[in-house]
Amino acid sequence: MKKQFWLMAFAPVLLAACEPMPQANTSPEGFLNELPPSLIEMAAPNQDLTAVSIDPNDGCYLYRYRGPVETTMLPLRARNGQPICSRPPESV
């Protein structure tokens, strides 16, 4: 009975340990709170700069696109059409 009590008492604590901690500069949804001014200047128009995150796989910025059918994350593009990344691509 005591084992069951302790398991039930500490279950929320154990489950909370599995939740990823948000980074200091991100909102609870995972979007960046502030964008650098140079990034805002570089970004092409018609992209939602209020919901931007960084892809952990390649370091490129993603923005939330709300289309007529679905909402998805798309690469943030510069005015010349190239994706904007926070780190250079890895050489093979």
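**Exercise 1. A loop residue**

At 79% relative accessibility, does Asn46 count as buried or exposed? Describe the backbone and the location of Asn46 as well.

*Solution.* The model is a predicted one, and the values below are computed from it. As a first step, place the residue: Asn46 lies in the loop that runs between α2 (37–42) and β1 (52–54). Next, consider the backbone, where Asn46 shows a positive phi of about 65° even though it is not a glycine. Finally, compare the accessibility with the cut-off: exposed means over 50% relative accessible area, and Asn46, at 79%, therefore counts as exposed.

**Exercise 2. The chain as a whole**

Determine which secondary-structure elements the protein chain holds and in what pattern they follow one another, and then characterise its burial and its contacts.

*Solution.* Begin with the elements: the protein chain has 2 helices and 3 strands, and reading along the sequence gives the pattern α-α-β-β-β. Then turn to burial, where 23% of the 92 residues count as buried, while the exposed area of the protein chain is about 7,600 Å², with carbon and sulfur atoms supplying 60% of it. For the contacts, take those between residues at least 6 apart in sequence; of these, 36% join residues at least 24 apart.

**Exercise 3. Assembling the sheet**

Work out the strand order of the sheet from the pairings of β1, β2 and β3, and explain why one side of β1 and of β3 is left without a neighbour.

*Solution.* Start with β1 and β2 (residues 61–66), which run antiparallel and are joined by 3 bridges. Within this pairing, Val52 stands opposite Tyr63 of β2, and Ser53 has Leu62 in β2 as its bridge partner. The hairpin of β1 and β2 has 6 residues between the strands, and Gly59 in this hairpin takes a positive phi near 80°.

Continue with β2 and β3 (residues 71–75), an antiparallel pair joined by 5 bridges. Here Tyr63 stands opposite Leu74 in β3, so that Tyr63 faces Val52 of β1 as well as Leu74 of β3. The hairpin that joins β2 to β3 passes through 4 residues.

Combining the pairings gives an open sheet of 3 strands in the order β1-β2-β3, with antiparallel pairing. Because β1 and β3 stand at the edges and each has a single partner strand, one side of each is left without a neighbour in the sheet. Neighbouring strands of this sheet are turned against each other by 35° on average, with direction ignored.

**Exercise 4. The disulfide**

Identify which cysteines the disulfide joins, state its handedness, and assign each partner to an accessibility class.

*Solution.* The structure holds 1 disulfide, and it joins Cys60 to Cys85 with an S to S distance of 1.8 Å. The torsion about the S-S bond of Cys60 and Cys85 is about 65°, and the disulfide is therefore right-handed. The pair links distant parts of the chain, since Cys60 belongs to the loop between β1 and β2 whereas Cys85 belongs to the segment after β3, 25 residues apart.

For the last step, buried means under 20% relative accessible area and partly exposed lies between this value and 50%. Cys60, at 10% relative accessibility, therefore counts as buried, whereas Cys85, with a relative accessible area of 32%, is partly exposed.

Conventions:
Residues numbered from 1 in each chain as written. Predicted model: local features only at pLDDT ≥ 70, side-chain atom pairs only at ≥ 80, totals over all residues. Heavy atoms only, no water. Buried < 20%, exposed > 50% of the residue type's maximum accessible area, 1.4 Å probe, protein only. Pairing = 2+ DSSP bridges. Axes fitted to C-alpha atoms, helices over the stretch in contact; angles between N-to-C directions. Disulfide = S-S within 2.5 Å. Contact = heavy atoms within 4.5 Å. Areas by Shrake-Rupley, 256 points an atom, 1.4 Å probe, with all protein chains shown as cover.
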